[in-house]
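Work through these exercises on pockets with the model open beside you. Try each task before you read its solution.

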Amino acid sequence: MSCGPKKGIVTKKKRSSTTKTVVVKDKKEEVKTVETVETNPSAVEENKAPSSVEVYISLYAEISKNKMRTHKIPASITLAQGILESGVGKGRLAVKANNHFGIKCHGWTGAKIYHDDDRSQECFRKYDKAEMSYEDHSEFLTGRSRYASLFDLRPDDYKGWAKGLRAAGYATDRKYPEKLISLIERYNLDKYDDEVLNGTTTKSSRRSTTIIEGPKKVTSKKHTVAKGDTLYSLSRLYKTTVDAIKVKNNLKSNDLTIGQQLIIPN
């Protein structure tokens with residue numbers, strides 16, 4: 001009678017022990033798997049996408065430097081104004097009219113757009129390309145006597161330029177100078193002034209949506225204006241300046257007509 005129960009007890013112990021051992025192994029394996037995932041370093045911080053301001057700077061830094069070379073306007077000021085006035089290229093005037101500087105019509109004979117500003121539905125200039133807005137901004141500042149005193153400042157005096165623009169009536173916002181200075185110092189935009197003045201460059205990831213550089217080799221001294229041509233694009237194409245083309249052809253404005261014959265200066 002006593003043999004039956006003993007055999008039963010031994011059998012149960014062996015099964016229990018075997019089952020328990022398997023469960024413990026499974027648990028250990030599961031814990032190890034979780035620990036491997038949790039100890040992964042914070043990869044979220046890596047490859048962080050650039051901000052919208054940084055993207056804007058990469059697009060227009062070189063153009064701003066070129067404007068400093070040709071028109072003596074600090075590249076830092078041009079960039080800061082573009083960022084501020086265009087809402088980082090996302091404002092209505094920038095999106096609908098490629099107007100990055102909020103320049104109003106003021107006798108403008110080209111395309112126009114109407115936009116609420118200091119008053120309702122004011123007239124603003126409209127451009128085919130953003131690059132044309134940068135060119136016109138430089139022409140606007142150099143062609144008006146009220147901004148003449150700014151060009152007596154040191155070319156790297158961005159603070160003087162910021163205050164002078166407000167004093168000359170470019171903007172009505174009392175804090176306009178502070179906003180420009182803040183942008184310049186936050187994003188180190190004055191380094192572009194130094195690059196122009198010292199003849200140095202930094203690596204740029206500029207990705208323009210339009211073609212502004214043409215072939216390096218030019219054999220003709222005359223150009224027939226085609227659709228999409230602008231004085232700025234032609235100045236880049238023939239390695240000259242807008243002012244030189246205008247003087248050579250006695251042009252009083254930046255307007256061109258299809259089929260117009262232009263003499264390209266050397």
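## Two pockets, step by step

**Exercise 1.** How do the residues of the lining of the second largest pocket divide into nonpolar, polar and charged?

*Solution.* Sort the lining residues by type. The second largest pocket has 11 nonpolar, 8 polar and 8 charged residues in its lining. Keep in mind that the model is predicted.

**Exercise 2.** Give the volume of the second largest pocket, then find its centre and its walls.

*Solution.* Start with the volume: about 530 Å³. Next, go to the centre. The pocket is lined by 27 residues, and Glu85, Gly102, Lys104, Asp117 and Tyr170 are the closest to its centre. Then look for helices and strands. Two or more lining residues come from each of α3 (75–86), α4 (92–97) and α7 (176–186).

**Exercise 3.** Do the same for the largest pocket: what is its volume?

*Solution.* The volume is about 720 Å³. Now list the residues at the centre. Among the 33 lining residues, Trp108, Met132, Ser253, Asn254 and Asp255 come closest to it. Two elements, α5 (130–142) and α9 (231–237), each supply two or more residues to this lining. α5 gives the most, with 5 residues. Finish with the types: 11 nonpolar, 10 polar and 12 charged.

**Exercise 4.** Why does the largest pocket lie between domain 1 and domain 2?

*Solution.* First, mark the domains: domain 1 spans 52–200 and domain 2 spans 220–265. Second, ask which of them supplies lining residues. Both do, so the largest pocket lies between them.

Key:
Residues are numbered from 1 along each chain as its sequence is written. This is a predicted model: local features need pLDDT of at least 70, side-chain atom pairs count only at pLDDT 80 or more; totals for chains, interfaces and linings use all residues. Side-chain values use heavy atoms; hydrogens and water are left out. On a 1 Å grid over the protein atoms alone, a cavity is a set of points where a 1.4 Å probe fits but cannot get out, and a pocket is an open set with protein on both sides within 12 Å along at least five of seven lines; lining residues have an atom within 4 Å of a point. Grid points are joined across faces, edges and corners, and a volume is the space filled by probe spheres set on the points. Helices (H or I, at least four residues) and strands (E, at least two) are DSSP runs, numbered from the N terminus. Ala, Val, Leu, Ile, Met, Phe, Trp, Tyr, Cys and Pro count as nonpolar, Asp, Glu, Lys and Arg as charged, and the others, Gly among them, as polar. Domain bounds come from an automatic or database domain assignment.
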